[in-house]
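Dear colleague,

Please find below the structure that I am handing over to you. My notes on it follow directly after.

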Amino acid sequence: MKILLLISSFNSLSQKVYVRLKEQNHIVSIKYAIDNKLMIEEVKSFKPDIILCPFLNKFVPKEIYENTATFIVHPGIIGDRGANSLDLAILEDKKQWGVVVLKANEEFDGGDIYSFENFSMPNKSKASIYRNEVTNCAIKAIDKLFINLQDSSFIPIKQVLNPLHKKITQEDRKINWEKDSSCEIIKKINASDSSPGAKETLLGLPCYMYGAFLEEELKGKPKQIVAKRDGAICIGTIDKAVWITHLKEENYFKLPSTYVLKDRLKGVVEKRVPLVLTKHIDTFYELRVEKEEEIAYLYFNFHNGAMSTAQCIRLKYAIDYLKEECKVLVLMGGEDFFSNGIHLNILEDSKKQGEDGWSNINAINDIIKSLIFSSEIITVTSFGKNAGAGGVFLGLASDYIVINEEVVLNPHYKTLGLSGSEYHSFTLPKRVGELKAKEIINKCLPLGSSEAKNIGLVDKVFKNENYLKELKEFCKDLLKDEDSFDEFCEQKEEFLEENAKYINSCKEKELKQMYDEFWKEESLFHILRKEFVYKKQALKTPQRLKEI
């Protein structure tokens, strides 16, 4: 079937839909919904059998939906109509929410429903719910859509034409520090993350707040900043305190809170936690380990998967420490992403972009070196969540790689004007061969778990429903036989001794090629990074996304 994806951006849901349709051998083309004229021309040119809109913030022109069956993926339940549906569901404490696939017509979110899926609402941010529960339900609903379209007896459900739900404003997100509990504050910030943020004035600076965590011990007066930690700030409330990890000034972009408030935080104490926590506590932290006998599961929960120089250094220290404490080290990544590589927002904000970028890429390389040359243990990467760019190649440094069936990987750099480092010229060909490695780097397309397994990029694919259970069984099997473990480590050590020079040369060649990309002011990386960070709207659909 020829399918056109009509989208506002190639976000996580759009990528997952694209990967799923390609796995099912459909012919898929993507068109950014830039304006009505271009949309209509694209449809006429491609002549799709159907059109899917997994992420669209424009109304589909009548000339399109009257001539080609067009289906809208709406993150709401039956009867819900309008924008900001997830925001409202969080603010109104909905226990159940869902995704519907409706046929486009003249009514906004008013067409017949061809499939739907519901889910239990977790106590998480809007961005997290969208990437996880909404995306997974959307895929199931789209699968049902195709089944129903093939069923001659299927009758779509009439949408309940309730009025469009109210538009969510900053007044709805506004925090009353003298009345709102910590949980209420977190809920309002969760409903505003990742856009538009909850508006506030902190220490005289108007800004938007993101990334809220409950604090169980520290306390202060309402709205008093009582502590800072790893870029986040802790603010007192009427009952406890909350951590705010990121802020955004008007007409700027999101950054760690301390980067935004800078000298305004003079005198605010740094409240540290251990490098690696061994259990969850109600506070803000990024590194945690779960140890089960001789297996260590290392979580690194970095906001949006971006890893600054400081975060890379802490992660490397944690890995080096745990290498002395376990026989199998499992990289778990974060709650919403495994990793997305270096921290582009911090680099864009830097007054020394070349120097800070160079430090960042070398810091992530140091993590990977520590993993590759860990001959005394077995390392496992758990791609339990999506990963991109250097984050994928961080994962490829391990001995074994397993992946959740729902995960999408973006193992490429060129869309940001980078040739890339992270030892990728060693780890990628080692797994998929030279030709496939070049194809992956040059095509710049997302990979689903099935394709990743078929080409040898990963070793195992586990079902989403039993992912953690299967992962742990896999890791335990690595230690069933002590002789096999010892033999594995001996062979690994021999391989590293024989190939150390070559492995290091790969990194050096990568860095030599990247030098100008970081240090030259006119480099494409600086241009594309700025467009990415400021979320500049594309003027045309990238050629790589069009079916040829």
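The notes below go through the interior, two buried loop residues, the salt bridges and the surface.

Please bear in mind throughout that this is a predicted model.

**Nonpolar cores**

The largest nonpolar core holds 89 residues, and the members that touch the most others are L298, F383 and L457. Helix α11 (residues 353-372) supplies the largest share of this core, with 8 residues. Another core, of 43 residues, lies apart from it; L52, Y114, I129 and Y130 are among its members.

To give a view of the surroundings of L298, I list its contacts beyond the neighbours within four places in sequence: V276, R288, L315, A318, I319, L322, L329, V330, L331, M332 and G333. R288 appears again below, in a network of salt bridges.

**Two buried loop residues**

T237 is found in the loop between β10 (232-236) and β11 (241-248). Is T237 buried or exposed? T237 counts as buried because its relative accessible area is 3%, and the cut-off for buried is under 20%. The T237 side chain makes a polar contact of 2.6 Å with the side chain of S182. A polar atom of the T237 side chain also lies 3.5 Å from the backbone nitrogen of A241. When neighbours within four places in sequence are set aside, the residues in contact with T237 are W177, S182, I185, G220, K221, P222 and V242. S182 thus features both in this set of contacts and as the partner in the side-chain polar contact.

G341 sits in the loop between β16 (337-339) and α10 (344-349). G341 is likewise classed as buried, because its relative accessibility is 1%. Outside the neighbours within four places in sequence, G341 is in contact with G305, A306, M307, I364, G388, G390 and G391. For a distance across the model, the C-alpha atoms of G341 and K520 are 21 Å apart, with these positions 179 residues apart along the chain.

**Salt bridges**

How many salt bridges does a search of the whole structure find? The search gives 38. Three pairs and one network are described here.

- K291 and E325 form a salt bridge through their side chains, at 3.6 Å from N to O. This pair links distant parts of the chain, 34 residues apart: K291 belongs to strand β13 (residues 287-292), and E325 to the loop between α9 (309-322) and β15 (328-333). K291 is partly exposed at 41% relative accessibility, and E325 is partly exposed at 35%.
- K436 and E439 form a salt bridge at 3.2 Å, N to O. Both residues lie in helix α14 (residues 434-443), and their spacing of 3 residues is about one turn of the helix. K436 is partly exposed, with a relative accessible area of 23%, and E439 is partly exposed at 33%.
- E270 and R272 form a salt bridge at 3.8 Å, N to O. E270 is partly exposed, with a relative accessible area of 32%, whereas R272 is exposed at 65%.

In addition, salt bridges link R288, E290, E292 and K472 into a network. R288 is also one of the residues in contact with L298, and L298 belongs to the largest nonpolar core.

**Surface**

Which residues form a nonpolar patch on the surface? The patch consists of I78, F116, I157 and V160, with about 280 Å² of accessible area together. V160 is placed in the loop between α5 (126-150) and α6 (170-173). Why does V160 count as partly exposed? The reason is that its relative accessible area is 39%, and partly exposed covers the range between 20% and 50%.

A further surface position is N454, in helix α15 (residues 449-454). N454 counts as exposed because its relative accessibility is 66%, and the cut-off for exposed is over 50%. The C-alpha atoms of N454 and V432 are separated by 9.5 Å, and the two residues are 22 apart along the chain.

With kind regards

Terms used. Residues are numbered from 1 along each chain as its sequence is written. This is a predicted model: local features need pLDDT of at least 70, side-chain atom pairs count only at pLDDT 80 or more; totals for chains, interfaces and linings use all residues. Side-chain values use heavy atoms; hydrogens and water are left out. Patches are made of residues with over 30% relative accessible area and no salt bridge: like charges are joined within 9 Å, nonpolar side chains (Val, Leu, Ile, Met, Phe, Trp, Tyr) within 5 Å. Accessible areas come from the Shrake-Rupley method with a 1.4 Å probe; for residues, only the protein chains shown count as cover. A salt bridge is a side-chain nitrogen of Lys or Arg within 4 Å of a carboxyl oxygen of Asp or Glu. Helices (H or I, at least four residues) and strands (E, at least two) are DSSP runs, numbered from the N terminus. Buried means under 20% relative accessible area, exposed over 50%, partly exposed in between (1.4 Å probe, protein chains only). A polar contact is a pair of N or O atoms within 3.5 Å; within protein, one must be able to donate a hydrogen and the other to accept it, and residues adjacent in sequence count only if both atoms are side-chain atoms. Contact means heavy atoms within 4.5 Å. A nonpolar core is a set of buried Ala, Val, Leu, Ile, Met, Phe, Trp, Tyr and Cys residues joined through side-chain atoms within 4.5 Å.
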